[in-house]
Amino acid sequence: MAAADVGTAVVAAVGTLVGGGITALVSLINGRNQQHETASAREQQRFEADRSRLEQREEAERVRERQVDDRQREACVAFMNHAQTFVERARALAEAIEEDDNEDVQNEAHRAYYDSWTEYCVSIAAVRIIGPEQLAVPAWELDEAIRELGHISNEQYRGRPARGYKGVRKLVADAEEAFAAGSRALFDNGLAARIRERKGHVPSQTPPA
């Protein structure tokens with residue numbers, strides 16, 4: 001074989017080796033890029049799944065908190081309504097006694113008074129069980145005043161001297177106002193917080209780089 005032919009063959013062989021190496025290198029780079037893209041896509045999927053689970057948990061917690069708030073609000077409203085009804089029935093009983101109405105009128109007033117007392121006891125029990133804790137003291141103070149009013153009313157109905165009726169009515173009215181003010185502050189603030197949360201809720205996480 002001539003020297004020129006040998007040189008040509010060598011050049012061709014080297015070209016083939018170099019070309020094959022470049023092809024292999026390009027394939028390797030492309031493979032690694034594809035692996036990186038696949039890994040990034042999987043990481044993004046995991047992130048989205050984690051964020052979705054977190055948002056679901058947060059939403060479930062918000063729903064639970066709203067449900068608790070609603071039950072507490074309903075219990076407090078029922079408590080106030082039954083307290084006011086009992087006070088009104090106690091007043092009607094006192095008037096029937098003071099005006100010396102006949103026995104049937106007094107007995108009817110006492111039955112209404114007693115029924116309202118039973119309903120009141122159920123309502124204060126609900127507040128004590130459900131809460132909220134922030135209203136525990138005002139609820140206790142109102143309950144104490146209501147019970148004192150009930151004691152005086154019972155004594156009146158039995159025909160026994162019962163002093164301090166007007167003072168206890170004032171005590172009940174002040175306790176009612178304190179409980180109502182505490183309820184408004186607590187539940188109105190809670191409602192405002194819900195509105196702010198709905199308007200300003202933004203996912204706190206960002207995808208990984």
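How far apart are the end C-alpha atoms of H3, and what should its 22 residues span at 1.5 Å a residue? In this predicted model, local features need pLDDT of at least 70 and side-chain atom pairs count only at pLDDT 80 or more, while totals for chains, interfaces and linings use all residues. Residues are numbered from 1 along each chain as its sequence is written, and side-chain values use heavy atoms, with hydrogens and water left out. The expected span of a helix is taken as 1.5 Å times one less than its number of residues; for H3 this gives 32 Å, and the end C-alpha atoms are 31 Å apart, which agrees.

The protein chain has four helices and zero strands, where helices (H or I, at least four residues) and strands (E, at least two) are DSSP runs numbered from the N terminus. Of the 209 residues of the chain, 23% count as buried, a term that means under 20% relative accessible area, with exposed meaning over 50% and partly exposed in between (1.4 Å probe, protein chains only). Among contacts (heavy atoms within 4.5 Å) between residues at least 6 apart in sequence, 75% join residues at least 24 apart.

The largest nonpolar core, a set of buried Ala, Val, Leu, Ile, Met, Phe, Trp, Tyr and Cys residues joined through side-chain atoms within 4.5 Å, holds 30 residues, of which Phe79, Leu142, Ile146, Leu149, Val172 and Phe179 touch the most other members. Helix H1 (3–98), helix H2 (103–130), helix H3 (136–157) and helix H4 (165–200) each give two or more residues to this core, and the largest share, 11 residues, comes from H1. Leu142, when its neighbours within four places in sequence are left aside, is in contact with Phe79, Met80, Ala83, Tyr120, Val172, Ala175, Glu176 and Phe179.

The buried residues of H3 include Leu142, Ile146 and Leu149, together with Asp143, Ser153 and Glu155. H3 is followed by Gly159, whose phi is positive, near 85°. In helix H2 lies His110, which counts as buried because its relative accessibility is 18%; apart from its neighbours within four places in sequence, His110 is in contact with Leu93 and Tyr157.

As for the cysteines, Cys76 is buried, with a relative accessible area of 3%, whereas Cys121, at 26%, counts as partly exposed. When a disulfide is defined as a pair of cysteine sulfur atoms within 2.5 Å, the count comes to zero.
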